[in-house]
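Please open the model in your viewer and keep the selection panel at hand. The stops below say what to select next and what is there.

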Amino acid sequence: MVARTGTWPEPAFGLPVAVLIGRSSRETLHLGLAYVLPGKPVRHLHLAWHERLVEDWSLAGRWAIPAALPERLALVAGRCRLIAANHAAGLPVRYGIAWSGVAFDDAGRFAPPGGNFGRTCATFVLDVFRLEGCELILAESWPRRNREEQQLVAIAEAIGPPIVAETMRREFAAGAARIMAHEVFGACLANTVPVPFELAAHLGTSATADL
Amino acid sequence: MRTASYKAGMPFPDLGIVPRSYARAERLDAAANAAGVPGPRSRGPVLSTDAPPALQWLSDLYVHVFRRREAEAIDVIYAKFDELLRQSDCADCDEVLANLDVNRLNITATLAVLSITRLDRARLANWRRFAEMAQRKICREAPDRAAALLAGLLPLDS
């Protein structure tokens with residue numbers, strides 16, 4: 001079990017699943033998933049924004065495969081296929097900060113646990129791995145960071161809808177920590193998972209410095 | 001050691017093992033297909049004909065596993081168990097767990113069954129039995145990796 005990484009798009013990509021990262025704006029990085037079905041083109045799945053769980057990915061960037069067993073990665077890819085097939089039959093996937101439990105039921109439909117409003121692009125990826133019994137991060141080690149929190153609230157206020165920024169403020173006030181895209185990507189580069197904050201942030205910052 | 005003769009086109013005997021003659025039958029089928037020869041072909045492992053209709057999809061699953069179509073096997077497991085788990089009493093899902101033959105699943109398919117059912121295990125009377133069989137299979141087939149393979153999927157104590 002070793003983490004692997006490379007530049008995306010990867011024309012020869014043939015592994016079951018990978019975590020993707022790319023720069024979506026000057027301030028923000030974006031995280032998503034690529035997965036394969038043998039004989040078919042690579043597919044994507046990511047939470048682009050509030051109520052926008054989408055399957056197209058156009059960002060250049062990097063890919064990483066966490067240090068997990070191949071059997072477990074095959075299950076994660078299967079879960080991606082299930083969510084992609086079924087999420088439209090359930091509630092739209094909302095954007096929210098607080099992360100506990102998993103926000104998808106057995107069928108891949110959005111069903112956030114109590115106290116959770118939605119997911120970010122990063123916690124969506126964490127959820128998919130968690131559904132397969134694979135914890136990528138040690139969430140309790142994530143710190144509160146006022147500057148990053150205010151930055152995200154400002155983005156939400158700018159692009160709306162208002163309920164997203166309102167919910168973010170409420171969740172941050174209740175103690176939720178922001179888990180950022182590059183930190184989850186960094187966790188995918190570590191030799192073992194789950195990964196504490198300091199290591200994930202260090203690996204993620206290094207890996208995305210040139211994006 | 002068990003052995004049996006096998007003839008292309010005949011249902012596969014329920015031995016829980018795959019004799020070499022099956023691979024030979026597959027090669028002969030492929031040659032017959034290539035040559036355009038009409039006639040029956042091997043159908044791969046199948047359930048015994050008295051299996052309840054609700055369990056016939058397991059035959060497809062065993063075929064996917066046998067032919068090493070890993071992604072297809074996972075998709076069948078996730079789709080069918082989701083359908084069964086959405087029923088209020090879970091009786092059909094429990095019946096599947098009681099009838100699943102772990103010896104006809106590979107490790108990935110076994111883990112997929114554990115994964116898709118584990119959140120509902122309190123409602124499934126046969127889950128623990130299946131989980132114990134799955135644990136034994138994985139410990140036997142991949143003793144060095146068993147703990148890592150089962151981590152997060154097998155809370156037998158809870």
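Begin with strand β3 of chain A in this predicted model, and colour its residues by the side on which they lie: A:L29, A:L31, A:L33 and A:Y35 are on one face, A:H30, A:G32 and A:A34 are on the other, and all of them are buried. With a cut-off of under 20% relative accessible area for buried, seven of the seven residues in the range 29–35 qualify, so β3(A) is largely enclosed by the rest of the structure.

Next, add strand β2 of chain A, residues 17–23, which pairs with β3(A) in the antiparallel sense over seven bridges. To see one position of this pairing, select A:L20 together with A:G32, its bridge partner in β3(A). The two strands are joined by a hairpin, and five residues make the connection.

Then select residues 43–49 of chain A, which form strand β4; this strand runs antiparallel to β3(A), and three bridges join the two. Two positions can be picked out here: A:Y35 stands opposite A:R43, and A:L33 has A:L45 as its bridge partner in β4(A). Five of the seven residues of β4(A) are buried, so this strand, too, is largely enclosed by the rest of the structure.

From β4(A), continue to β5(A), where the pairing is again antiparallel and extends over three bridges. A:L47 has A:L53 as its bridge partner in β5(A). The hairpin of β4(A) and β5(A) has two residues between the strands, and at A:E51 you will find a positive phi near 60 degrees.

Now show the largest pocket, whose volume is about 680 Å³. Its lining comprises 33 residues, and those closest to the pocket centre are A:S24, A:T28, A:L29, A:H30 and A:C121. Two of these, A:L29 and A:H30, were already met among the buried residues of β3(A). Which elements of chain A each supply at least two residues of the lining? They are β3, β4, β5 (52–54), α2, α3 and α5 (181–187), and α3(A) gives the most, with six residues. If you colour the lining by residue class, expect 16 nonpolar, nine polar and eight charged residues.

For the next stop, select A:R130, which is found in helix α2 of chain A, residues 121–131. Is this arginine buried or exposed? The relative accessibility of A:R130 is 18%, and since the cut-off for buried is under 20%, A:R130 counts as buried. Its side chain makes a polar contact with the side chain of A:E135, at 2.8 Å. Leaving aside residues up to four places away in sequence, A:R130 touches A:W99, A:S100, A:G101, A:V102 and A:E135, and also B:R118 of the other chain in this list.

Proceed to A:P143, which is placed in the loop between α2 and α3 (146–159) of chain A. With a relative accessible area of 27%, A:P143 is partly exposed. Selecting A:A176 as well gives a pair that is 33 residues apart in sequence and 9.2 Å apart in space, C-alpha to C-alpha. If residues up to four places away in sequence are not counted, A:P143 touches A:A177 and A:F197.

A:A177 leads on to the largest cavity, as this residue is part of the lining, together with A:I97, A:T120, A:T123, A:R178 and A:I179. About 30 Å³ of space lies in this cavity, and a search of the whole structure finds one cavity of 30 Å³ or more. By class, the lining divides into three nonpolar residues, two polar and one charged.

Finish in chain B with helix α5, residues 107–117, which is mostly covered, as 11 of its 11 residues are buried. Among them are B:I107, B:A109, B:L111, B:V113 and B:I116, as well as B:T108, B:T110, B:S115 and B:T117. To close the tour, zoom in on the start of α5(B), where a side-chain oxygen of B:N106 reaches to within 3.3 Å of the backbone nitrogen of B:T108.

Key. Residues numbered from 1 in each chain as written. Chains lettered and ligands numbered in written order. Predicted model: local features only at pLDDT ≥ 70, side-chain atom pairs only at ≥ 80, totals over all residues. Heavy atoms only, no water. Buried < 20%, exposed > 50% of the residue type's maximum accessible area, 1.4 Å probe, protein only. Helix = DSSP H or I, 4+ residues; strand = E, 2+ residues; numbered from the N terminus. Pairing = 2+ DSSP bridges. Polar contact = N/O pair within 3.5 Å; in protein donor to acceptor, adjacent residues only side chain to side chain. Contact = heavy atoms within 4.5 Å. 1 Å grid on protein atoms, 1.4 Å probe; cavity = no way out; pocket = protein on both sides within 12 Å on 5 of 7 lines; lining within 4 Å. Points joined across faces, edges and corners; volume = space filled by probe spheres on them. Nonpolar A, V, L, I, M, F, W, Y, C, P; charged D, E, K, R; others polar.
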